[in-house]
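Trainee: I have a protein model open in front of me, and I am not sure where to begin. Could we read its features together?

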Amino acid sequence: MLLVACQASREELKKENAVYYWRTELRLDSTESAFLKRYHISKVYCRYFDVVMTDEGPMPNATLTFTDTLPKGMELVPTVYITEDCMHQRHEGMAKLLVKRIAQMNETNDVSGVREIQIDCDYTSRSRQTYYDFLKEVAQAWSSLHQPFTFNTPPKISATIRLHQLAMTPPPVDYGVLMLYNTGNPQKFTERNPVLDMRDVQPYLRYLSGYELPMGAAYPVFLWKRNIHGVHIEHGVEAQEICRVKQAVEQKRPELSNLILTYHLDKENIERYQPECYEKIYRH
């Protein structure tokens, strides 16, 4: 019975195309707007701010400014990145402050109808329990903000899931987004592509079928530019490798073909790949 219930819960994620928006200013040019329309993007996971550790404790950083708005009918999901060291110990009231800041940004910028927020954190076994407790507090604060419910569905909390986190118990959220990028060691870039390499994904495929949390999948379309000892290094991913990984993870867990995201929306990223590549990525 538990197995059937788990399988049923996974099917709750409907088929949707989505993108991450990871810039500090919300502004869409004609190429980006056309991309949203062409690939039937229905959700934009928009980074609102980061939370970083300072001498005074966790503080917001790199807050998004709103110069533009999303096309009508498109769902915006405020997303907050939290550095892992913020979760090395409990910080009283942090969850409520985070939710309050999101709500204030929505109100200030006339963003209405927001029913979901996503938390992004590269938690480890050291920070996992503190992070999971924090997520429960975020969910409670987010739910309280929307009482009484005025929509047919209650507000949601989602979280990013990195490959190494698949070996842990799932976080207490409604669903996760499996990050299929930044999979390798950036210090060993001469051996493998640190953005995405099937050899780095392969060891984690065995966890997919038994991971008891509904999940979507996010794929990289960005170019990672770095300067190492004065040498300019660029890491991009071939379209063939993205499709190879997509096929492998969906074979182990077909549900990952429901909610599909790319990271991230940007004119340069759009023009880096042929339309055929994006059509394959967003194929359900």
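**Reading the backbone and the fold**

Mentor: Happy to! Let's begin with a single residue: D110 counts as exposed, because its relative accessibility is 71%, and the cut-off for exposed is over 50%. Keep in mind that this is a predicted model.

Trainee: Where is D110 found in the chain?

Mentor: D110 sits in the loop between helix 3 (94-108) and strand 7 (116-120). Its backbone deserves a look as well. Most residues other than glycine have a negative phi. D110 goes the other way, with a positive phi near 55°.

Trainee: Which other residue has a positive phi without being glycine?

Mentor: H40 is one, with phi near 55°. You will find H40 in the loop between helix 2 (30-38) and strand 3 (41-54). H40 is exposed, because its relative accessible area is 62%.

Trainee: What about peptide bonds? How do I read those?

Mentor: Here is the general idea: most peptide bonds are trans. In this model, the bond from Y263 to H264 is cis, with omega near 0°. H264 belongs to the loop between strand 13 (259-263) and helix 7 (267-272).

Trainee: Is R253 buried or exposed?

Mentor: Compare its value with the cut-off: buried means under 20% relative accessible area. R253 has 2% relative accessibility, so R253 counts as buried. A loop residue can be buried, as R253 shows: R253 lies in the loop between helix 6 (239-252) and strand 13, and at 2% it is buried. Now try a distance: the C-alpha atoms of R253 and T69 are 35 Å apart, and 184 residues separate the two along the chain.

Trainee: Which residues does C46 touch, leaving out those up to four places away in sequence?

Mentor: C46 touches Y21, L26, L64, L76, V77, P78 and T79. C46 is part of strand 3, and C46 counts as buried because its relative accessibility is 0%. For a distance here, take C46 and I117: they are 71 residues apart in sequence, and their C-alpha atoms are 9.4 Å apart in space.

Trainee: Let's step back to the whole protein. How many helices and strands does the protein have?

Mentor: There are eight helices and 13 strands. To see how the chain is folded together, look at contacts between residues at least 6 apart in sequence: 75% of them join residues at least 24 apart.

Trainee: What does the radius of gyration tell me about the protein?

Mentor: You compare it with the value for a compact globule. For 284 residues that value would be near 19 Å, and the protein has 19 Å, so the two agree. The C-alpha atoms fill a box of roughly 50 × 50 × 40 Å along the principal axes.

Trainee: What share of the residues is buried?

Mentor: Buried residues make up 50% of the 284. On the outside, the protein exposes about 14,500 Å², and carbon and sulfur atoms supply 49% of that area.

Trainee: Last one: what is the volume of the largest pocket, and which residues lie nearest its centre?

Mentor: The largest pocket has a volume of about 550 Å³. Its lining has 22 residues, with R162, M179, Y181, N182 and F222 nearest the centre. By type, the lining residues of this pocket divide into 11 nonpolar, five polar and six charged.

Definitions and conventions. Residues numbered from 1 in each chain as written. Predicted model: local features only at pLDDT ≥ 70, side-chain atom pairs only at ≥ 80, totals over all residues. Heavy atoms only, no water. 1 Å grid on protein atoms, 1.4 Å probe; cavity = no way out; pocket = protein on both sides within 12 Å on 5 of 7 lines; lining within 4 Å. Points joined across faces, edges and corners; volume = space filled by probe spheres on them. Nonpolar A, V, L, I, M, F, W, Y, C, P; charged D, E, K, R; others polar. Helix = DSSP H or I, 4+ residues; strand = E, 2+ residues; numbered from the N terminus. Rg over C-alpha atoms; globule rule 2.2 N^0.38 Å. Buried < 20%, exposed > 50% of the residue type's maximum accessible area, 1.4 Å probe, protein only. Contact = heavy atoms within 4.5 Å. Areas by Shrake-Rupley, 256 points an atom, 1.4 Å probe, with all protein chains shown as cover.
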